[in-house]
Amino acid sequence: MARFFFDSGDRDLVLQDEIGVECAGIEEVRRAGFEGLVDLTRDALKSVDGQQLFVEVRDENGDKILRLSLSLQIRSLR
Amino acid sequence: MPPTSSSDTLIRKLQTISDIREADIAVLKTIPIQEKDFSASHDLVREGDRPVYSFVVLDGLVGSTKYTGDGKRQITSFFVAGDIPDLHGLHLSVMDCNFSTLTPARMGFMRHDVLRNLCYQHPRIATAFWRSTLIDAAIYREWVTNVGRREAYTRMAHILCELIFRLKSVGRIQDHVADIPITQAALGDALGLSTVHVNRTLQELRREGLIATTGSRVHAIDWPGLTHAGDFDTTYLHQGNPAA
């Protein structure tokens, strides 16, 4: 098990994960990051075209190893 | 300071929620209580069990838990020193949830037949026990609202307020500093949040200057601010002597 840090936010504000999460491997990191992004979306997604939300994962050495993001697009169809 | 005996822990809690008198206290002191220590994450009672004992929490933190069909755990309530989490087992013979230690903890087990006889003979004690289970139910209602309708930041602040308030009311903490040595995963299971989002939410509360954390110690440095952030109103905990 190793500890990974999941920073998250949008363009304006990034919150650093100071606690970290123990994960057994990259698959588990990816799953934890995805679940975090889903929760972040519920909390932080505003009705703003182009808003982007992300979770970025660092390992214990501080190296970035994974980024999960999504962005909202709102287009009028008429 | 923590009370010295298991009876004292039970009596202190009942005094905060009911109007038991000296005579009742003397009777409560006669209940044989079998003490036992447990490590964290130990199942004390499982769904489907038919226990013949109820237990009072003497030290540590206990959670009631339920599992979904695909194995996801929801912690449905916390229990602190003095609480009797499975008191409903006195009348509902088959357990409909699990009770597990969330930290190392000490329990005091009391036989159902002893408690039943006590209730038949001492109506004020029966009322105190009834109030205890009613307040547990009020806490469950609050938690449904918390998990179902509050956003993560408010949800986290609320649960921290509740824990600190309950620990304080049974004399386990003096100020607004509580040692809450539960895992982030357990906090997530209580809040219906992923571990990653639990970390983010704690970080937000720190950033707003509402809490400071050192290891498992949570310090509410701005108690009014935290109660405001947590949408926390103590009415549902029904503290105070109801005799009036």
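1. Contact here means heavy atoms within 4.5 Å. With that in hand, a good place to start is where the two chains meet: the contact takes 17 residues from chain B and 19 residues from chain A. Please keep in mind that this is a predicted model, in which local features need pLDDT of at least 70 and side-chain atom pairs count only at pLDDT 80 or more, while totals for chains, interfaces and linings use all residues. Residues are numbered from 1 along each chain as its sequence is written, chains are lettered from A and ligands numbered from 1 in the order in which they are written, and side-chain values use heavy atoms, with hydrogens and water left out.

2. How much area do chain B and chain A bury between them? About 1500 Å², with 55% of it on carbon and sulfur atoms; buried area is the accessible area (1.4 Å probe) that two parts lose on being put together, summed over both. On the chain B side, B:V196, B:R200 and B:Q203 supply 40% of the area buried against chain A, more than any other three residues.

3. Between chain B and chain A the count of salt bridges is zero, where a salt bridge is a side-chain nitrogen of Lys or Arg within 4 Å of a carboxyl oxygen of Asp or Glu. There are, however, eight residue pairs in polar contact, both at pLDDT 80 or more. A polar contact is a pair of N or O atoms within 3.5 Å; within protein, one must be able to donate a hydrogen and the other to accept it, and residues adjacent in sequence count only if both atoms are side-chain atoms.

4. Which element gives the largest share of the side of chain B that touches chain A? That is α7(B), with ten residues. Helices (H or I, at least four residues) and strands (E, at least two) are DSSP runs, numbered from the N terminus.

5. Now look within chain B, where the domain assignment gives domain 1 (6–133) and domain 2 (147–237); such bounds come from an automatic or database domain assignment. The centres of these two domains of chain B, taken over C-alpha atoms, are 24 Å apart. Their contact takes 17 residues from domain 1 of chain B and 15 residues from domain 2 of chain B, and together they bury about 1400 Å², 59% of it on carbon and sulfur atoms.

6. Three salt bridges are counted between domain 1 of chain B and domain 2 of chain B. B:D189 and B:R73 meet through their side chains in a salt bridge (2.8 Å, N to O). On the side of domain 1 of chain B that touches domain 2 of chain B, β5(B) gives the largest share, five residues. Elsewhere in the list of charged groups, B:K13, B:D83, B:E162 and B:R166 are linked in a network of salt bridges.

7. Over all chains, the structure holds 19 salt bridges. In chain A, A:E56 and A:R67 meet in one of 2.8 Å, N to O, with A:E56 in strand β4 of chain A and A:R67 in strand β5 of chain A, eleven residues apart. A:E56 counts as buried because its relative accessibility is 15%, whereas A:R67, at 43%, counts as partly exposed. Buried means under 20% relative accessible area, exposed over 50%, and partly exposed in between (1.4 Å probe, protein chains only).
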